[in-house]
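Please walk through the structure shown below, beginning with its charged pairs and ending with its overall dimensions.

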Amino acid sequence: MGHFKINIKDIFFILKEQLSYGNLCSLDRYKGFNEKAFDLLVNEAMKFAKGIIDPLNMIGETNAPKLAEGQVKCTPEFKKAFRQYGEDGWTALSRDTDYGGQGFPNMMRIIINDIMYGACQAFNIAPNLTHGAAHLIETFGTKEQKSTYVPKMFDGKWAGTMCLTESDAGSNLSGIQTTACPDGEQYKIKGFKIFISWGDHDLTDNIIHLVLARIEGAPKGSHGISLFIVPKMCVNPDGTLGEPNDVICTGIEEKMGLHASPTASLSFGARDNCIGYLCGRKNKGLSHMFQMMNAARINTGVSGLAIASTAYRNALVYAKTRIQGNDIGPQKKGRVTIIKHPDVRRMLLWMKAMVDGMRSMIYSGAYWAEMAEELPQSNEKNHYINLIEFMTPIIKAYCSDMGFKVCETAIQCLGGYGYCKDFPLEQYLRDVKIMSLYEGTNGIQAADLMGRKMTINNGACFLAFKKELTLFCEKNRTDEILGSRIRALKGVANNLFETALTLNALQKKDPLQFASYTYPALISFSEVTMVWRLLDMALVAQASLENTKKSQSFYKAKLLQASYFADMTLPLIQAGLETFVRPGREILDIADNAF
């Protein structure tokens, strides 16, 4: 029996009852679909994840990739799964049919990733990077580039990566030193990249690297960076593979987690014979790459949720079966399962609320992103564009941080056994930690939220978030059962909005003080969002309780988790607001040598 555990009923509750995701079929792009097709896709993903992907988690952990003679070798089960992943259509399910996609909404890709990442995070990074790289070519490449690379990447024959980071250019990509020298209609690429996930492997015959580099003579800084297609193996005009393209793996990292995912250092052009092809416009590489980076940020949040979800469900199964201690109340004499102990129940309820709230936050964001992409030009479309801009750093940072904390809490539920390899929780904890570092650390996400996202387009992103939450509160403030908590949410949210504007005003007047408190502000926005989504689910569950006698405990649990989380969280948010506009400057005043 595999480690992967998930409650499909929780997923469908959000999709069908909270969000009514079948309504996406009313959009012009998706009129050929219906809700039953979406449901079938989710159920098939569950079967694939449990049957094919789940076993890879243990296989990869105990048989990590190895670098030998310049080639990373992976366990054969990964190679078979990668090819099947592509052939079965999972890589390209949300892409246009022109190059092998199935045309499903991109929201479905987020849902499928939730399932696949939970089954094996280390593996699912590979097809997701391949999808992102292929979609970049699909969006910005020439017709010839699209036909050469995209179909083979989508069907699992070839893989793809994103090559950004260098030793002196991590989060600050303006310092990139990799160069591109014109050579006829192509370029000679020369430089080094590090921390490249799945940067080398033997899952496929070719790896298509999307590389950021600077064309000789280009402007300094981020405005002089271009995007290049750099295959590991040269591709002949007829599509067959030619000679190696002077891309060498010089090492793979020894990491805390994700042992099955090779993180490579790559040398491009050590023999001055690495050929790259410009993708998109010169000096627009960073803006092109942001398409892939923003999607990666959302998927980093999805990863945090997915691992938290299976960690919680594993802890729940253990708590229901592990007999330890006596019931401290009068309910039952003798030894009991640990789920009867109040402190264990506290941890389980918190994890349940966290997982459900994060899933609703992410799925709601995915639904809003469909509105932003597919609605005709209108104020409504602009509203959703701005709303998802504001939500992106929240989803990335909060769900990655809380994914780690849920895994930590799940270990605590198991006691000493949680610390042992007998159970998967210690691996989950190690695997999920990287999510707060991927795609711009969470401190960077906080600075983006409280700086740029508060002010761009005259504050339109912030105002879209404020409008959406305020409309929810106004619509439901008189609800007989949940109204008091919804009114409490509105009060705390209004105070947050005022405090956030105060903090934002410091960005120009006192930028160091501003930057010292952006992370607590992001957490406050995130937890207000969590309360909002949990209360919204509770309202839906309340209506279902009134209309059906089935699943009473399931729906009641939605109300209980919302009331618990709201009551435990809103007072803390309110108290915290004062901390990130306090005048104290200890963070700045303490001397470097005094830490």
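A salt bridge is taken here to be a side-chain nitrogen of Lys or Arg lying within 4 Å of a carboxyl oxygen of Asp or Glu. In this predicted model, that criterion links Glu61, Lys421, Glu426 and Arg430 in a network of salt bridges, and the structure as a whole holds 27 salt bridges. As a general matter, side chains of opposite charge can pair when their charged atoms come close.

Three individual pairs show the settings in which such bridges are found. The side chains of Glu87 and Arg83 form a salt bridge with an N to O distance of 3.2 Å; because the two residues stand 4 apart in helix 3, about one helical turn separates them. Arg83 has a relative accessibility of 32% and therefore counts as partly exposed.

A second salt bridge joins the side chains of Asp246 and Arg271, at 3.9 Å from N to O. This pair links distant parts of the chain, since Asp246 belongs to the loop between strand 9 (241-244) and strand 10 (247-252), while Arg271 belongs to the loop between strand 11 (263-268) and strand 12 (275-278), 25 residues apart. The partners also fall into separate classes of accessibility: Asp246, at 3%, counts as buried, whereas Arg271, at 59%, counts as exposed. In a third case, the side chains of Lys453 and Asp448 meet at 3.0 Å, N to O, and here Lys453 and Asp448 are both buried.

From the Glu87 and Arg83 pair, the reader may turn to Asp88, which lies in the loop between helix 3 (76-87) and helix 4 (106-119). Asp88 has a relative accessible area of 41%, so that it is classed as partly exposed. When its neighbours within four places in sequence are left aside, Asp88 is in contact with Phe48 and Gln102. Gly224, by comparison, is 136 residues from Asp88 in sequence and 40 Å from it in space, taken from C-alpha to C-alpha.

Which residues of helix 1 (residues 8-18) are buried? They are Asp10, Ile11, Phe12, Phe13, Ile14, Leu15 and Gln18, and what covers them includes helix 2 (35-62), helix 4, helix 7 (285-321), helix 8 (342-374), helix 15 (518-547) and helix 16 (552-577). At the start of helix 1, a side-chain oxygen of Asn7 reaches to within 3.1 Å of the backbone nitrogen of Lys9, and after the helix comes Ser20, whose phi is positive, near 50°.

At the scale of the whole protein, the secondary structure consists of 17 helices and 14 strands. For 595 residues, a compact globule would be expected to have a radius of gyration near 25 Å, and because the protein has 25 Å, the two values agree. Along the principal axes, the C-alpha atoms fill a box of roughly 80 × 60 × 60 Å. Of the 595 residues, 58% count as buried, and among contacts with a separation of 6 or more, 74% are made by residues 24 or more positions apart. The protein exposes about 25,400 Å², of which carbon and sulfur atoms supply 53%.

Technical notes. Residues numbered from 1 in each chain as written. Predicted model: local features only at pLDDT ≥ 70, side-chain atom pairs only at ≥ 80, totals over all residues. Heavy atoms only, no water. Buried < 20%, exposed > 50% of the residue type's maximum accessible area, 1.4 Å probe, protein only. Contact = heavy atoms within 4.5 Å. Polar contact = N/O pair within 3.5 Å; in protein donor to acceptor, adjacent residues only side chain to side chain. Rg over C-alpha atoms; globule rule 2.2 N^0.38 Å. Areas by Shrake-Rupley, 256 points an atom, 1.4 Å probe, with all protein chains shown as cover.
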